[in-house]
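The following exercises concern backbone geometry. Please work through each task before reading its solution.

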Amino acid sequence: MSTLGHQYDNSLVSNAFGFLRLPLEFNPYDSDADWVITGIPFDMATSGRSGSRHGPGAIRQVSTNLAWEGCRWPWDFDVRERLNIVDCGDVVFDFGDAQDLSDKLQSHAERLLAAGKRLLCFGGDHYVTLPLLRAHAKHFGKMALVHFDAHTDTYSNGSKFDHGTMFYHAPKEGLIDPTRSVQIGIRTEHDKNNGFTVLDAAQVNDRGVDDILAQITQIVGDMPVYLTFDIDCLDPASAPGTGTPVIGGLTTDRALKLVRGLQSLNIVGMDLVEVAPAYDQAQITALAAATLALEMLYIQAAKKAE
């Protein structure tokens, strides 16, 4: 390739990179990847401030601050030595067409799962979890949900495409079992009779981490688990860059300890959503998201080595 008269070796120079500076893999279905990172630049389902369509790019960009480390503290190994992780870029859909996004995201996930891969997705708003759950349920059957958030997203008064209604629809579609699911960090009004175990932010902040993890493990049991983390679970002091911030949330320290403690669960899919960089300060929300995503991968790598 010739650019401005200079010759460049494509094996040495890359114009684009993914999470942790991983090279982009545009055919992940036929790759030998264990985990495939997918960005979902969609925020048409927001009820508050839009902007999370730019979340995947912000998470990837700030992840360069994490890429230089070998062994990530407090782990004693490099996640890239135990897991083959690729980043396939972002889902492409017809702009303004929420149904097209839903269909293409579900199809993408189904193809990867059928090929033996697992997905870590970056939203986008939280609606994107619903088509992902549909794909995973086709492959794994009914699942447990472990859900970090300030909101339960079990509201019944939203539209078909709404980032506050996914976990109202998911049980009705038979995708998840609410009686085996846990919602962590909640601090907004919600239906207390829908079957979910809700660990509100006040008790999560006051109780011991080991005590909380023991309860989560007891509820979930050996079911396949889908793990979803809405960044507004964190207090706005730690994550101002999101569309629906709510004070009184978790610190990054507590969230990281809880995510690390999920290692024993049978996690089959993961996402991290609702990073809206236009409202961020000094990339602290994006950095929190990138670090939490990396921890999600580390617990998978640690489990693989058991």
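Helices (H or I, at least four residues) and strands (E, at least two) are DSSP runs, numbered from the N terminus. This is a predicted model, in which local features need pLDDT of at least 70, side-chain atom pairs count only at pLDDT 80 or more, and totals for chains, interfaces and linings use all residues. Residues are numbered from 1 along each chain as its sequence is written, and side-chain values use heavy atoms, with hydrogens and water left out.

**Exercise 1.** Determine the configuration of the peptide bond from Trp73 to Pro74 and locate Pro74.

Solution. Begin with omega: the value is near 5°, and the bond from Trp73 to Pro74 is cis. Next, place the residue: Pro74 belongs to the loop between helix H2 (64–67) and helix H3 (79–82).

**Exercise 2.** Determine the configuration of the bond that joins Gly123 and Gly124, and locate Gly124.

Solution. Omega is about 20° for this bond between Gly123 and Gly124, which is cis. Gly124 is in the loop that runs between strand S5 (118–123) and helix H5 (129–140).

**Exercise 3.** State the sign of phi at Leu20 and at Gln283, and describe the setting of Leu20 and of Gln283.

Solution. Recall that most residues other than glycine have a negative phi. Leu20, not a glycine, has a positive phi of about 60°. Leu20 sits in the loop between strand S2 (6–7) and strand S3 (35–40), and is buried (under 20% relative accessible area, 1.4 Å probe, protein chains only) at 5%. Gln283, also not a glycine, has a positive phi of about 65°. Gln283 lies in the loop between strand S10 (266–273) and helix H10 (284–304). With 36% relative accessibility, Gln283 is partly exposed (between 20% and 50%).
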